[in-house]
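Reader: Please take one part of this structure and go through it closely. I would like the metal site, with the cut-offs behind each term.

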Amino acid sequence: MATMIDDAKRLAIASKLSDLKVVQDVLIANEQKFISLFSGDSEIRDRFQDMLEDDRKNMGILDTVIVQYGVQAKPKESVKKMAQMAQQASDSSELSLYDKVAQHELLKHQQVMSGILIHKAAQVVGADIEAAITPLNAVNFENRAHQEQLKGVMEVIGVRELTGKEAQQGLWARVQDAMAALTGVAGSVVSRTDDEMNIQDIIRMDHNKVNMLFMQIEGTEDPQKIQEYFGQIYRDLNAHSIAEEQVVYPAVRPFYGEHDTQELYDEQSEMKVLMDSIKAMSPASPDYKNQVRRLKDIVMDHVRQEESTMFAAIRNNCSSDQQEQLATQFKTAKSNFQKQMADSMK
Ligand SMILES: [Fe+2]
Ligand SMILES: [Fe+2]
């Protein structure tokens with residue numbers, strides 16, 4: 001078996017995450033078509049309408065996960081081709097409605113498996129990755145539930161196409177039962193978290209992830225691992241700091257106060273200087289871990305201030321809508337920075 005260096009593993013998972021987005025785009029496009037194809041059947045049309053809303057929301061979650069993951073990569077060409085073919089199939093005049101929904105169900109199935117695969121890969125590569133991709137749980141759960149609904153839809157239209165008659169009563173109740181049972185059987189890979197994430201949630205996720213990376217460095221003596229983990233800390237902390245400085249600090253300054261806000265900027269400058277000096281060191285050097293520990297202390301002090309007084313100030317001064325808007329802006333700022341970094345490495 002080929003052994004990959006760990007950055008290559010991280011890149012491979014990043015590419016798989018991009019694949020998810022490509023397929024998600026097709027799912028959304030198909031569901032829009034189904035809504036008009038089933039305009040005369042409100043039962044089925046409403047199901048596609050709900051599915052479409054879930055899938056649009058899940059596209060946002062995929063964006064969050066990719067930014068949180070901290071490494072961006074392009075989707076595979078083969079996945080893009082497969083997506084194109086799936087879209088052509090849903091436009092084809094030769095396929096029956098049943099065939100089209102069957103294709104859609106297959107695509108959902110692939111999406112579920114890719115989501116689960118990413119979880120399994122994360123368990124092998126690093127705890128920080130598991131932490132970053134947690135929101136993928138909600139996407140997996142819903143895709144799994146959608147699969148059950150699509151099977152129900154297939155039964156209804158399949159019976160209609162074959163016999164011209166309606167399927168037996170009670171089918172939709174069975175679909176509901178199957179969906180309810182999912183939460184029980186699917187376990188931790190598929191669980192549901194609903195609420196929109198606000199800025200505090202997003203920042204806290206980043207903080208937890210970086211803390212986990214520090215612990216991973218602490219727990220190994222392998223210079224290659226240490227370099228991999230520090231590389232991720234370097235990328236994550238830079239993206240996180242820049243997004244805070246572009247979006248969060250200017251927004252909180254008026255109510256959090258000039259002095260406290262300035263302190264946060266100053267601490268981040270200190271972090272950047274230290275990070276760059278560690279980056280220039282050899283991970284095998286005897287002082288390396290001491291320097292990483294120093295960085296950890298500075299970061300964790302800073303994190304405590306943000307999560308206590310800054311979060312309280314945000315809660316007291318921003319509406320829930322504003323807190324969610326800040327989260328979106330923060331994600332965009334991080335994502336732009338990550339794309340720049342990915343481009344500069346080419
Ligand atoms: Fe910060
Ligand atoms: Fe922070």
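Author: Along the chain, the donors of the iron ion (ligand 2) are spaced as H-x32-H-x3-E-x61-E. This is a predicted model, in which local features need pLDDT of at least 70 and side-chain atom pairs count only at pLDDT 80 or more, while totals for chains, interfaces and linings use all residues. Residues are numbered from 1 along each chain as its sequence is written, chains are lettered from A and ligands numbered from 1 in the order in which they are written, and side-chain values use heavy atoms, with hydrogens and water left out.

The residues that coordinate the iron ion (ligand 2) are His-207 and His-240, each through NE2, and Glu-244 and Glu-306, each through OE, at 2.0 to 2.3 Å. Donors here are N, O and S atoms within 2.8 Å of the metal (3.2 Å for Na, K and Ca); water is not among the atoms, so sites may look incomplete. The angles among the 4 donor atoms run from 79 to 168 degrees, and the site is irregular. That term covers anything that is not tetrahedral (four donors, all angles between 85 and 135 degrees), or square planar with four donors or octahedral with six (opposite donors over 155 degrees apart, all others between 65 and 115).

Glu-244 also forms a bridge between the iron ion (ligand 2) and the iron ion (ligand 1), which are 3.1 Å apart. Glu-244 belongs to helix H9 (residues 223-256) and Glu-306 to helix H11 (residues 288-317), so this pair, 62 residues apart, links distant parts of the chain; helices (H or I, at least four residues) and strands (E, at least two) are DSSP runs, numbered from the N terminus. Both Glu-244 and Glu-306 are buried, meaning under 20% relative accessible area, with exposed over 50% and partly exposed in between (1.4 Å probe, protein chains only).
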